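Here are some friendly notes to read with the structure open beside you. Take the points one at a time and find each residue as you go.

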Amino acid sequence: MRNYADQQEFILSQITNKCFDQRDLSGCDLSGIDLRGVDLSGVNFIGADLHGADLCGCVLTRANLSNANLMEANLREANLNEASLCEANLMNADLTQANLCGTFLWRVKFIGSKLWGTSLCGADLSEADLSKAILIEASLIEANLVRANLAGAKLCGAMLLEANLTEANLNGADLTWANLTKANLSEANLWETNLIYAKFRDTIMPDGTIEQPQILVS
């Protein structure tokens, strides 16, 4: 019976073994494991425990991390292009400058997470919980944020061109200098939202009106 350290070392050797074809780590306990810079593309991590794991710079393209626990994990500069993280827990995780373009993030928990400069273009964030997340200068072009919870989130300078924010909760969010060109804010909650110097051009507002090019100062 392997102890915890031996088990993680064995798993790491299997992942990095070029002959390892199965790539199935669903449900495994990988908490705290160091996988910095490892190519994990296409690996099955469904329901795996990656709490506090170091995945900085990892390649996770098309990996399946649905229902995985990534709480407090380090995913700085990781490539998660077209990966699936549906209903995953990423509370307080660090995804600074990570690539999540086209990633499936339905109902994911990003509460308090760091997404500074992160690329989320075309990502599906419907019903995701991004409350108090740091999304400063993040790119959310054409992202699906329908019914997403962005209460208290920091979106200063974020790019939200053509993003779908229908019924999104932006209560107390900071959208200073954010670009909302052609974004859809139908029925969104903008109570106490900071919109100083935000850019609106052909933006659909919560009441259904179309906002023409201007600077809106709260």
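The numbered points below cover a core, an aromatic pair, the cysteines and a serine.

1. Please keep in mind from the start that this is a predicted model.

2. A good place to begin is the largest nonpolar core, which has 68 residues. Within this core, Leu125 and Leu145 touch the most other members. Both α1 and β1 contribute to the core, with at least two residues each.

3. Now zoom in on leucine 145. Setting aside residues up to four places away in sequence, leucine 145 touches Leu125, Leu130, Leu140, Leu150 and Leu160, as well as Ala163, Asn164, Leu165, Thr166 and Ala168.

4. How many aromatic pairs does the structure hold? There is one aromatic pair. Its partners are tryptophan 177 and tyrosine 197, which are stacked, with 4.7 Å from centre to centre and 25 degrees between the planes. Both partners sit in the loop between α1 and β1, so the pair ties together parts that are 20 residues apart in sequence.

5. Look next at how open these two rings' residues are to the outside. Tryptophan 177 has a relative accessible area of 57%, which makes it exposed because the cut-off for that word is over 50%. Tyrosine 197, at 40%, is partly exposed.

6. Which bond might you look for between cysteines? A disulfide is a covalent bond between the sulfur atoms of two cysteines. The count of disulfides here comes to zero. Cysteine 56, for example, is in no disulfide, and the nearest cysteine sulfur, in cysteine 58, is 7.9 Å away. Cysteine 56 is partly exposed, with a relative accessible area of 25%.

7. Why is cysteine 101 not bonded to cysteine 121? Their sulfurs are 4.3 Å apart, and a disulfide needs them within 2.5 Å, so the distance is too far for a bond. The sulfur of cysteine 121 is nevertheless the closest cysteine sulfur to that of cysteine 101. Cysteine 101 counts as partly exposed, at 21% relative accessibility.

8. Last, is serine 186 buried or exposed? Serine 186 has a relative accessible area of 18%, and it counts as buried because that value is under 20%. You will find serine 186 in the loop between α1 (4-16) and β1 (198-200). Apart from neighbours within four places in sequence, serine 186 is in contact with Leu165, Thr166 and Glu167, and also with Ile204, Met205 and Pro206. Leu165 and Thr166 may look familiar, as leucine 145 touches them too.

Conventions:
Residues are numbered from 1 along each chain as its sequence is written. This is a predicted model: local features need pLDDT of at least 70, side-chain atom pairs count only at pLDDT 80 or more; totals for chains, interfaces and linings use all residues. Side-chain values use heavy atoms; hydrogens and water are left out. Helices (H or I, at least four residues) and strands (E, at least two) are DSSP runs, numbered from the N terminus. Buried means under 20% relative accessible area, exposed over 50%, partly exposed in between (1.4 Å probe, protein chains only). Contact means heavy atoms within 4.5 Å. Rings of Phe, Tyr and Trp (its six-membered ring) pair if their centres lie within 6.5 Å; planes under 30 degrees apart count as stacked, over 60 as edge-to-face and the rest as tilted. A nonpolar core is a set of buried Ala, Val, Leu, Ile, Met, Phe, Trp, Tyr and Cys residues joined through side-chain atoms within 4.5 Å.
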